[in-house]
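Here are my notes on this one, point by point. Have the model open while you read.

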Protein chains: 2
Amino acid sequence: MDNLDRGIIDLLRQNARAGYGDIGQEIGLSASAVKRRVDRLTADGVIRSFTVQVDPAVDGLHTEAYVEIFCRGTVAPDELLRILADVPEVIDAGTVTGSADAIVHMRSRDIPSLEAALERVRRAPHVDHTRSAIVLSRLISRAVD
Amino acid sequence: MDNLDRGIIDLLRQNARAGYGDIGQEIGLSASAVKRRVDRLTADGVIRSFTVQVDPAVDGLHTEAYVEIFCRGTVAPDELLRILADVPEVIDAGTVTGSADAIVHMRSRDIPSLEAALERVRRAPHVDHTRSAIVLSRLISRAVD
DNA sequence: GCGGCCATGGACAACCTCGACCGCGGCATT
DNA sequence: AATGCCGCGGTCGAGGTTGTCCATGGCCGC
């Protein structure tokens, strides 16, 4: 993981379909050297996946919420992960400091489907209650993963 | 925007470097038809960009937090946007229902730099106070934008 | 029915990918 | 210093992919 790798990743972030030759020309490497490095970065898990950013409105995913999860007793992160992994509406989630056990970012088609997804989380074992904040207007969306 | 387009986007989400021929075989279209549709989707802004998902730990961005922002009086979303756009640690943010005015997802190198970024937000005009939940362990990270 | 419109599939040249092979430089061992 | 090893980059060529062209066929309004 050197400056060359970082340069390759920067370029791929801008355009993941860029040719190896083009990338190489940019950072001063041959096409095959670039491919080798990209393969290595992918195998090592540095590059998790090649993907596309799609306009969320097109998916009809207008409705978002941040949900705090409060559990009964102590719950291992693995437990929470198993619950949340089954809910596709969950975009990102993590256990947190503070009174809540976890915060979950959800995105859904509309309020009813968001409510349905929320209900699935609420019904999970150990989950005591949740506290939702529905997103009114998205201000910033810079997330890359 | 039909089922074919949706199929193409689904496949590209899984692997943005997939060949047009492969995609076509999957959804029942020729390579050229697929390319045309991808070009159109890109031109129309449905596909915003082709990108890579990189392990955040590699960037040294280990530290995350969800921050609720409470303002004095009423603040227009534009105002909040201007404040938050200047803070690169902000990954995503939105105004929300509930007692907080906005929720902000931040990612930073370490606690001190997170604190510094938080301080910039707190000092902004109209911001009364904030409430932070630092992420202990990331459970899910499916966000694509 | 007819013409225009649009999307598809096929064909082909240009281009890119990807694996094999080779050379170079650093490093440890002898 | 010489040797062998290892990682890394360059070059090359076969095979696959891309991107453009054109002909075809469905669909709609006239």
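1. Start with the base contacts to DNA strand D. An N or O atom in the side chain of S32(A) sits 3.0 Å from a base oxygen of the strand, and a polar side-chain atom of R36(A) is 3.2 Å from a base nitrogen. I'm counting a polar contact as a pair of N or O atoms within 3.5 Å; within protein, one must be able to donate a hydrogen and the other to accept it, and residues adjacent in sequence count only if both atoms are side-chain atoms.

2. Before going further, the ground rules: this is a predicted model, with local features needing pLDDT of at least 70 and side-chain atom pairs counted only at pLDDT 80 or more, while totals for chains, interfaces and linings use all residues. Residues are numbered from 1 along each chain as its sequence is written, chains are lettered from A and ligands numbered from 1 in the order in which they are written, and side-chain values use heavy atoms, with hydrogens and water left out.

3. Chain B touches the backbone of the strand too: a backbone N or O atom of Y20(B) is 3.0 Å from a phosphate oxygen of DNA strand D. Two or more residues each come from helix 3 (31-43) of chain A and from helix 2 (20-27) and helix 3 (31-43) of chain B. Helices here are DSSP runs of H or I with at least four residues, strands are E runs of at least two, and both are numbered from the N terminus.

4. Which helix gives the most to this surface? Helix 3 of chain A does, with four residues. Altogether 13 residues surround the strand, S30(A) and R37(A) being among the closest; near means a heavy atom within 4 Å. Of the strand atoms within 4 Å of the protein, 54% belong to sugar or phosphate and the rest to bases.

5. On to the two protein chains. The contact (heavy atoms within 4.5 Å) takes 58 residues from chain A and 58 residues from chain B. Together they bury about 5,900 Å², 53% of it on carbon and sulfur atoms; that is accessible area (1.4 Å probe) lost on being put together, summed over both.

6. For the polar side of that interface, there are 29 residue pairs in polar contact, both at pLDDT 80 or more. Strand 5 of chain A gives the most to the side touching chain B, with 10 residues.

7. The rule also finds six salt bridges across the interface, a salt bridge being a side-chain nitrogen of Lys or Arg within 4 Å of a carboxyl oxygen of Asp or Glu. One to look at is D92(A) with R138(B), where the closest N and O atoms are 3.9 Å apart.

Notes. Buried area is the accessible area (1.4 Å probe) that two parts lose on being put together, summed over both.
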